Amino acid sequence: MPIKSILCVYGGVAFEQNALDTTLSLAGFFQAEARFLHISVPLNVYPELYGITLYGQAVSGDVGVLDSIAEANEEQRKIAQTAVISAARAHGVAFSRKDCLGTTTGTAMAVFCPVTARLKDCLPQAGRLADLIIVPRERANAVTDLEAVLCGLFDTGRPVLVVPSTDETPAAPAAKSPFVTGKAAIAWDGSLPAARALYNALPFLRRAKQIEVICVRHAHADAETDYHGDLSHWLDLHELPAHIHRIDREATTVGAAILDRAETFEAEWLVMGAYGHSHVGEMILGGATNYVLKHSRMPLLLSH
């Protein structure tokens with residue numbers, strides 16, 4: 001499966017720099033088109049968001065306030081576009097305006113795509129025509145960027161690469177992202193989401209320096225059930241030499257066990273099936289996906 005179209009949700013905020021660099025690095029590596037989706041919330045949504053209502057009917061807010069919001073949105077759009085152009089230049093990736101696209105097959109290209117819409121209304125349409133969706137993740141923020149992660153996972157049918165912020169500012173962009181060439185960890189429990197994540201990760205796993213598979217067997221699982229031998233054979237067929245590490249954990253500690261092992265392995269990115277059950281149920285009861293999203297300091301390649 002070739003990677004030729006990458007979509008990055010990008011607002012031009014400082015913590016998203018790592019995602020910006022990762023997107024452009026991957027575009028250069030795969031000679032792919034990187035689209036940066038910059039989303040501005042429509043002005044008519046703000047009265048609703050801030051509770052300016054009268055008997056259930058939204059009323060127009062102060063015109064001066066809405067004008068200020070419109071100016072701030074436009075300023076942020078300019079900041080984001082300037083950042084994309086500058087970073088593309090640093091990575092050696094050509095930049096093109098959305099309305100000036102031609103045939104770019106075989107050429108790394110960065111495209112800035114500003115839209116005025118709610119995320120849930122624009123990300124599914126854009127994401128379904130991408131090979132990979134990249135979402136920046138601010139570790140200190142547990143809510144706002146999670147919407148993009150969930151929308152990407154449940155509404156596009158595409159893998160989502162969640163890139164956390166980093167405290168380190170590189171002196172120069174890396175020629176190849178550690179996401180591609182570094183050590184990879186795979187969380188495996190034999191489930192459909194895990195199988196889909198493993199398959200979607202193939203273009204990246206073929207270039208990984210080392211691979212470790214973290215096999216999770218729940219305490220209540222049939223002791224005779226063994227996915228490990230078949231998995232090892234599948235990996236061999238794809239010429240992916242990997243070490244398989246088995247862990248037995250209760251469901252409530254699976255996320256911690258996966259991260260602990262991945263960090264011990266010094267993995268630079270993790271492949272994982274996301275939300276094997278309802279994401280609402282996992283958010284209420286807790287789950288491996290939520291734990292890893294909240295605590296991981298490495299990029300996560302997730303599939304649902």
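Me: How many disulfides does a search of the whole structure find?

Reply: The search finds 0 disulfides, where a disulfide is a pair of cysteine sulfur atoms within 2.5 Å. The model is predicted: local features need pLDDT of at least 70, side-chain atom pairs count only at pLDDT 80 or more, and totals for chains, interfaces and linings use all residues. Residues are numbered from 1 along each chain as its sequence is written, and side-chain values use heavy atoms, with hydrogens and water left out.

Me: Why does C8 count as buried?

Reply: The relative accessibility of C8 is 0%. Buried means under 20% relative accessible area, exposed over 50%, and partly exposed in between (1.4 Å probe, protein chains only). C8 is therefore buried. C113, with a relative accessible area of 5%, is buried too.

Me: What share of the protein do buried residues make up?

Reply: Of the 304 residues, 46% are buried. The accessible surface comes to about 15,400 Å², and 52% of this area belongs to carbon and sulfur atoms; the areas come from the Shrake-Rupley method with a 1.4 Å probe, and for residues only the protein chains shown count as cover.

Me: How many helices and strands are there in the protein?

Reply: The protein has 12 helices and 13 strands. These are DSSP runs numbered from the N terminus (helices: H or I, at least four residues; strands: E, at least two).

Me: What makes the span of α1 close to the expected one?

Reply: Helix α1 (residues 17-30) has 14 residues and reaches 20 Å from its first C-alpha to its last. The expected span is 1.5 Å times one less than the number of residues, which for α1 gives 20 Å. The two values therefore agree closely. Just after α1 comes Q31, with a positive phi near 50°.

Me: Why is α1 called mostly covered?

Reply: In α1, 10 of the 14 residues are buried. Among them are A19, L20, L24 and F30.

Me: How many residues of strand β8 are buried?

Reply: Strand β8 (residues 160-164) has 5 of its 5 residues buried and is thus mostly covered. V160, V162 and P164 point one way, whereas L161 and V163 point the other way. In a regular strand, side chains alternate between the two faces of the sheet.

Me: How do you know that β8 pairs with β7 and with β13?

Reply: Two strands pair if DSSP finds at least two bridges between them. Strand β7 (residues 132-137) and β8 have 5 bridges and run parallel, while 3 bridges join β8 to β13 in the antiparallel sense. Both counts therefore satisfy the criterion. V160 is the bridge partner of I133, and the partner of V160 in β13 is L302.

Me: What makes R35 and E33 a salt bridge?

Reply: Their side chains meet at 2.7 Å, N to O. A salt bridge requires a side-chain nitrogen of Lys or Arg within 4 Å of a carboxyl oxygen of Asp or Glu, so the pair qualifies. R35 is partly exposed at 24% relative accessible area, whereas E33, at 13%, is buried. The structure holds 5 salt bridges.

Me: Why are E266 and K183 called a salt bridge?

Reply: The closest N and O atoms of E266 and K183 are 3.7 Å apart, and the pair therefore falls inside the salt-bridge limit. The pair links distant parts of the chain, 83 residues apart: E266 lies in the loop between α10 (254-264) and β12 (269-273), and K183 in strand β9 (residues 183-188). E266 is exposed at 54%, while K183 is buried at 16%.

Me: How do you know that E263 forms a salt bridge with R297?

Reply: The closest N and O atoms of E263 and R297 are 3.5 Å apart, so the criterion is met here as well. E263 is in helix α10 and R297 in the loop between α12 (288-295) and β13 (300-303), with 34 residues separating them. At 33% relative accessibility E263 is partly exposed, and R297, at 59%, is exposed.

Me: What share of the contacts with a separation of 6 or more comes from residues 24 or more positions apart?

Reply: Such residues account for 79% of those contacts, a contact meaning heavy atoms within 4.5 Å.
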